[in-house]
Amino acid sequence: MIAVEQLAEVFVEIADTLVDDFDVIEFLQLVTSRSASICNASSAGLLLADAHGQLQFMAASQESVKLLELFQLQNAEGPCLDCFHTGTAVVNTDLDDAIERWPVFAPRAVSAGFRSVHAFPLRHRKDVIGALNLFGTETGQLESHDVRIIQALADVATIGLMQERVIQDQKIVTEQLQGALNSRITIEQAKGALARSHGISVDAAFELMRDYARRNHHHLSDVALAVVSDPAVHPELLSGRPTPPV
């Protein structure tokens, strides 16, 4: 069962993030990491639909889940796709028993060390714009009230992405989501550059970049763009361990 105190803290943290001109990638990263932590899942991933209605990877709590999400997309098979296309949650699925349902994805997920999976739609009314995936290293059941809580988090993420001021304008919503997808690509490139520069994992590179952005009050996407296109803007990120501003 999800602790009430922990849940309250998560919703407050998410609400604090939803300000004007908020950082979409940072927000989605927060949603995935907090969703995983409050329900004791091993990892979480989040996919969003692009302007053509095709799911694209956006955020993950671990690099291993990013690779699994990409595998899911490449093979057009898995819980996130089912969830996205039906608009309904896929919960309490034992991956060892899901080979008939997902003959390609399920064995890959099991070989990656996962035993259970849940997927929740990112939806507003009838519109589904993506899906949130939760992976567990053990089999187990989410209780019904926990399912409702995770779906609530997914709904909050959807509202945060769409924002009330543009929720009636589908063209603006589409452009906003496409901008987020473009930022994700830049962040992946920046992670690779930092990982090579510091000789660290891509997970560690992402934490390095995100911590630097937070300390200096920059958008994560802006820092990533600078790392890729103009490293001189933030030289300490590439030349050495960045230090807090004076």
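This report describes salt bridges in a predicted model.

## Overview

Side chains of opposite charge can pair when their charged atoms come close. With a nitrogen-to-oxygen cut-off of 4 Å, the count in this model is 8 salt bridges. Three of the pairs are taken up below.

## E188, K66 and K191

E188 pairs with K66, and the closest N and O atoms of this salt bridge are 2.4 Å apart. The two residues belong to distant parts of the chain: K66 sits in helix α3 (residues 63-74) and E188 in helix α7 (residues 170-198), with their positions 122 residues apart. K66 has a relative accessibility of 13%, and because the limit for buried is under 20%, K66 counts as buried.

E188 also forms a salt bridge with K191, at 3.3 Å from N to O. Here both partners lie in helix α7, 3 residues apart, or about one turn of the helix. Both K191 and E188 are buried. Through shared partners, salt bridges join E63, K66, R184, E188 and K191 into one network.

## D96 and R115

Another salt bridge links D96 and R115, whose closest N and O atoms are 3.8 Å apart. D96 is in the loop between β3 (90-94) and α5 (105-111), while R115 is in the loop between α5 and β4 (116-124), so the pair ties together parts 19 residues apart in sequence.

How accessible is D96, and is R115 buried or exposed? D96 has a relative accessible area of 40% and is partly exposed. R115, at 27% relative accessibility, also counts as partly exposed, because that class covers values between the buried limit of 20% and the exposed limit of 50%.

Notes:
Residues are numbered from 1 along each chain as its sequence is written. This is a predicted model: local features need pLDDT of at least 70, side-chain atom pairs count only at pLDDT 80 or more; totals for chains, interfaces and linings use all residues. Side-chain values use heavy atoms; hydrogens and water are left out. A salt bridge is a side-chain nitrogen of Lys or Arg within 4 Å of a carboxyl oxygen of Asp or Glu. Helices (H or I, at least four residues) and strands (E, at least two) are DSSP runs, numbered from the N terminus. Buried means under 20% relative accessible area, exposed over 50%, partly exposed in between (1.4 Å probe, protein chains only).
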